[in-house]
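Biologist: I should like to discuss this structure with you step by step. May I put a series of questions to you?

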Amino acid sequence: MEKKIRVLIAKPGLDGHDRGAKIVARALRDAGMEVIYTGLHQTAEMIVETAVQEDVDVVGLSLLSGAHMTLFRDVTRLLKEKGMGDVLVVCGGIIPEEDVPVLKKAGIAGCFGPGTSCEEIVEFIKKNVKR
Amino acid sequence: MSEKRKKVDYCDQIGTNITERKTKFETLSGIEVKRVYTPKDISHIDYDRDIGVPGEFPFLRGIHSTMYRGRLWTMRQFAGFGSAEETNRRYKYLLEHGETGLSVAFDYPTLYGYDTDHPLARGEFGKCGVAVSSLKDMEILFSGIPIDRITTSMTINGPAAIVWGFYIANAEKQGIDRRVIGGTIQNDILKEYIAQKSYIFPPEPSMRLIVDTFEFGSREVPRWNTISISGYHIREAGSTAVQELAFTLGDGLEYVRWAMKRGLKIDDFAPRLSFFFNAHNDFFEEIAKYRAARRIWAKELKKLGAKKPRSLLMRFHTQTAGCSLTAQQPEINIVRVTLQALSAVLGGTQSLHTNSMDEALALPSEKAVRIALRTQQIIAEESGVTSTVDPLGGSYYVEWLTDKMEEETYKYFDRVERCGGVIPAIEKGFFQREIAESAYRYQKEIDENKRFIVGVNKYKMDEPIDIPILRMDEKGEERQINRLKKLRRDRNKAKFERSISRLRKAAEGDENLMPYILDCVHSYATLGETCGVLREVFGEYKEPVIY
């Protein structure tokens, strides 16, 4: 049997808007992936620690507060430092268009803003996950 | 049977050989909607008992007899970003353009009771609101604004008592008596656990702090609404209108019970309880929600022993649904907001925030927020809907739906009761699970094209978004941290330490904490320092993970 894709859905920072993260977590689970959700108020260190512990293939970051440029880049930097540079990192939330290229340069493969369907995210992960 | 009667009966039967666009029509809450409503649908309603006239029990038709003929609602745009200086400029801009009340959005560190230089505040300064770490910031935020004449609403919950302390102290420094100032602190911790997630302490000490503000407010700051019981965030987290109504009123009744358990007299604090609702897309369901809310509240408060008519009045602020806005074709959000705002006005709101078209992309630009404010002004000044009170009263559909919303609310009250009450239901994740379920269902309906959102899954366009986005001053965080350092260096050290240690001692006992908090505020203790003491004594809340 093929090994299931393991995804960590994480909420960095103080932002409590978890509607999107929870919907995506459920949609990925319904699409046959194994989903771990960190819950709220995670530091970048905590998220990367969980990613290592759980040996995930994908990290999904969600943030509405506007702190994404700081916190998302902290996560990708730490993942590389821990030898997990291969993990597929995707993100969602309120991310202004002009921040997207900067995040992609920092190692985030996909940015999914408001209006994205769950199906698009599932397809993207299936297509791009490395393992 | 008379000819007239037959016509009524005919409308009840959904034709089997008639084709309609859908097999089933439903409200956003999933209440099935019939093709036509007739007098039969409201024949169980007794006008005097169940509806009544505006300004009289059960207040279904409005809390005042004249409503907007007497006075328009307060136009209160939620605003805050960056530093106190930047936000102060935005307030002045909004007031110049005809806004009639202020509403403060705080940034995440402030909402969690951290100062800007706390490690968890990294990257968050001024992003989702303004940073207010001390009385000093509050002084700057309201400098040049006549707070003796304008009311201010502050969206603050975990550290509400302290931030309210900043506001009171700032007013008094300007020579304004605390008995004169008016406004609202949100101060609704139950909905934080349920939906918005900006909690600090566990439920019991949080409830104690809230009852402290009720008690202190009714004695010392009589024009202040010491709570705004909020369904807005419950809805934004994905609930239906019915869930928003039921959970919000359930929370409200829980606060009343806690205050009464403390020994406060219901008629002393109930008149200062206020509410906050969402206005989403389903026009009639929203109107029915506000009308039902007023009647349920009046009936329940009466049952709890309230005697003063003012105690029975459910006064509420409304904000149009942020979660309904699309990042696609942002200009059409103006139309969504207009319809939502109109439902709030027809539902009898006391105060209103209209969202800006760019809010699915960033914080509102000046132009976007001005258009949002103009939307309210057009409804108020041009549309004529303000000329009569509750113009939809007596509509077969609206009255039927109002009843239906009430019925569904009581079903939820029963379910919460079976969980052992509001706090046990929170701890069991009951509300969180119900909301997550509704949010997922809504998204699936959109993904599967069972529900249409214009610009998202119907009438799509592929063109780049071309509206200006608000940009923050990158240097703001550094300046704020320097200001904090200077404040800690310059203040009277002995006075600061004395006030903090007295607060700690009081928190360990059971006195009302407000006077101690005000002492800390006056000694320029920061928000993080004051909350820090309470964190040590009360502990911190950790939520169960549910999705």
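Biologist: In which helix of chain B is B:Glu285 found?

Modeller: Please keep in mind that this is a predicted model. Along chain B, the run of residues 283-303 forms one helix, and B:Glu285 belongs to that run. The element asked for is therefore helix 12.

Biologist: Is B:Glu285 buried or exposed?

Modeller: A residue counts as buried when its relative accessible area is under 20%. The relative accessibility of B:Glu285 is 0%, so the residue counts as buried.

Biologist: Which residue makes a polar contact with B:Glu285 through its side chain?

Modeller: Leaving aside residues up to four places away in sequence, B:Glu285 touches several residues, including B:Leu28, B:Ala241, B:Met405 and B:Thr27. One of these neighbours also has a side chain joined to that of B:Glu285 by a polar contact of 2.6 Å. That residue is B:Thr27.

Biologist: How far apart in space are B:Glu285 and B:Ser343?

Modeller: In sequence, 58 residues separate B:Glu285 from B:Ser343. In space, their C-alpha to C-alpha distance is 8.9 Å.

Biologist: Let us turn to charged pairs. How many salt bridges are there over all chains?

Modeller: Side chains of opposite charge can pair when their charged atoms come close. The cut-off applied to the nitrogen and oxygen atoms is 4 Å. Over all chains, the number of salt bridges is 53.

Biologist: Which residue forms a salt bridge with A:Asp74?

Modeller: The partner lies three residues from A:Asp74 in helix 3 (residues 68-81) of chain A, so about one helical turn separates the two. A:Asp74 is buried at 9% relative accessible area, whereas the partner is partly exposed at 41%. The closest N and O atoms are 3.3 Å apart, and the partner is A:Arg77.

Biologist: In the pair B:Glu172 and B:Arg178, how far apart are the closest N and O atoms?

Modeller: B:Glu172 is partly exposed, with 29% relative accessibility. B:Arg178, by contrast, is buried, with a relative accessible area of 17%. In their salt bridge, the closest N and O atoms are separated by 2.8 Å.

Biologist: Which residue meets B:Glu529 in a salt bridge of 3.4 Å?

Modeller: The salt bridge is between side chains, and the partner of B:Glu529 is B:Arg488. B:Glu529 lies in helix 21 (residues 527-538) and its partner in helix 18 (residues 476-490) of chain B, so the pair ties together parts that are 41 residues apart in sequence. B:Glu529 is buried at 18% relative accessibility, while the partner is partly exposed at 27%. Salt bridges that share partners place B:Asp115, B:Asp117, B:Arg491 and B:Glu529 in one network together with the residue asked for, B:Arg488.

Biologist: How much area is buried between chain B and chain A?

Modeller: The size of an interface is often given as the accessible area lost when the parts come together. Here, 38 residues of chain B are in contact with 38 residues of chain A. Carbon and sulfur atoms give 55% of the buried area, and the area itself is about 3100 Å².

Biologist: Which residues of chain B lose the most area to chain A?

Modeller: Together, the residues in question account for 25% of what the side of chain B buries. They are B:Arg122, B:Tyr440 and B:Tyr547.

Biologist: Which helix of chain B gives the most to the side that touches chain A?

Modeller: Between the two chains there are 14 residue pairs in polar contact, with both residues at pLDDT 80 or more. Helix 4 (108-111), helix 7 (189-196), helix 9 (232-236) and helix 17 (430-447) of chain B each supply at least two residues of the side that touches chain A. With seven residues, the helix that gives the most is helix 17.

Biologist: What is the radius of gyration of chain B?

Modeller: Chain B has 21 helices and nine strands. For its 547 residues the globule rule gives 24 Å, and the chain comes close to that value, so it is as compact as a globular protein of that length. The radius of gyration of chain B is 24 Å.

Biologist: What percentage of the residues in chain B is buried?

Modeller: Of the contacts in chain B with a separation of 6 or more, 78% are between residues 24 or more positions apart. Among the 547 residues of the chain, the buried share is 61%.

How values were computed: Residues are numbered from 1 along each chain as its sequence is written. Chains are lettered from A and ligands numbered from 1 in the order in which they are written. This is a predicted model: local features need pLDDT of at least 70, side-chain atom pairs count only at pLDDT 80 or more; totals for chains, interfaces and linings use all residues. Side-chain values use heavy atoms; hydrogens and water are left out. Helices (H or I, at least four residues) and strands (E, at least two) are DSSP runs, numbered from the N terminus. Buried means under 20% relative accessible area, exposed over 50%, partly exposed in between (1.4 Å probe, protein chains only). Contact means heavy atoms within 4.5 Å. A polar contact is a pair of N or O atoms within 3.5 Å; within protein, one must be able to donate a hydrogen and the other to accept it, and residues adjacent in sequence count only if both atoms are side-chain atoms. Buried area is the accessible area (1.4 Å probe) that two parts lose on being put together, summed over both. The radius of gyration is taken over C-alpha atoms; the globule rule is 2.2 Å times the number of residues to the power 0.38.
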